[in-house]
Amino acid sequence: MGDMERPRNIVILTGAGISAESGIDTFRDSGGLWEQHRVEDVATPEAFERDPNLVLRFYDLRREAVQAKLPNFAHEALAILDAQWKGELLLVTQNVDDLHERAGSRRVLHMHGEHLNAWCTACDRRSRWTGPLIDRPACPACGARALRPDVVWFGEMPYGMERIYAAIRQADLFVSIGTSGAVYPAAGFVRDARECGARTLELNLEPSQGSVWFHESRLGPATDVVPEWVAEMLQS
Ligand code: OAD
């Protein structure tokens, strides 16, 4: 960190860019998911009401696909940081894959939900789910055939906002990795963190929509820039 005082409390925000090199499509890059599918058709509560089979099938395919992918050096570097960092650390991810956990990260918050969870709209319980939902399996907790993907759709409230804002208020450093800064509230975290006095750093392939808000931007593929940054953070 040069001659800067070493930050103790870190909030890290990750987006689809960190999983791109694991072979998971991002949303807004060319060829990304939102070029192949209209958000309104597959990622809103209205879409689910209108055509549940289309939505369930879309998420069944994604759920199956992520299980065949592996964490990359960027996920692994963040897991090492998590294991070794003595101060507070919260890894807030917009990603619904489980690559952070599979790399070994423990302090993870999935603000947009998780592919590998099913949410029962009858009893409100969440169950770990790796198979399809299209055939309307019974909820393991209550037996109702009312499971939906536990993924936050457009128009729904992201998870864990109170915990996230509490961590941002305590943060000395806010780092954003592989996210385009197009979707709120996550896109606003950098400004919140700055207002609370944190230093802000962006690691991304290209400048994001919120680049101007960061004190520093380092551009490059996540598997290069993230391990480099983590090594810097851990050197005494
Ligand atoms: P986006 O697809 O909007 O942005 C991905 C970002 O990652 C872009 O800025 C890319 O330049 C960058 N990127 C691509 N490859 C990279 C690499 N190898 N290394 C580093 N950066 C790379 O994805 P998100 O910002 O995550 O929400 O999207 C935010 C939310 O929008 C998602 O959580 C999802 C989506 O709609 C919901 O579904 C609720």
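Reader: Which residues is Trp-229 in contact with, leaving aside its neighbours within four places in sequence?

Author: In this predicted model, Trp-229 is in contact with Ile-12, Leu-78, Leu-81, Leu-173, Val-175, Leu-201, Leu-203 and Arg-218, once its neighbours within four places in sequence are set aside. The word contact applies because heavy atoms of each pair lie within 4.5 Å.

Reader: What makes Trp-229 a member of the largest nonpolar core?

Author: Membership asks that a residue be buried and joined to others through side-chain atoms within 4.5 Å, and buried means under 20% relative accessible area. Trp-229 is counted among the 22 residues of this core, and together with Ile-12, Leu-78, Leu-81 and Val-226 it touches the most other members.

Reader: Which elements give two or more residues to this core?

Author: They are β1 (10–14), α6 (73–84), β2 (89–93), β7 (173–177), β8 (199–204) and α10 (222–234), and the largest share, 6 residues, comes from α10. A second, separate core of 18 residues includes Leu-109, Met-161, Ile-164 and Ala-186.

Reader: How do you know that β4 and β5 pair?

Author: Pairing requires at least two bridges between two strands, and β4 (residues 113–120) and β5 have 3 bridges in the antiparallel sense, so the requirement is met. Within this pair of strands, Ala-118 stands opposite Ser-127 in β5.

Reader: Why is one side of β5 and of β6 left without a neighbour in the sheet?

Author: The open sheet has 3 strands in the order β5-β4-β6, with antiparallel pairing; β5 (126–128) and β6 (147–151) stand at its edges, each with a single partner strand, and therefore one side of each has no neighbour there. From one strand to the next, the twist averages 45 degrees.

Definitions and conventions: Residues numbered from 1 in each chain as written. Predicted model: local features only at pLDDT ≥ 70, side-chain atom pairs only at ≥ 80, totals over all residues. Heavy atoms only, no water. Helix = DSSP H or I, 4+ residues; strand = E, 2+ residues; numbered from the N terminus. Axes fitted to C-alpha atoms, helices over the stretch in contact; angles between N-to-C directions. Buried < 20%, exposed > 50% of the residue type's maximum accessible area, 1.4 Å probe, protein only.
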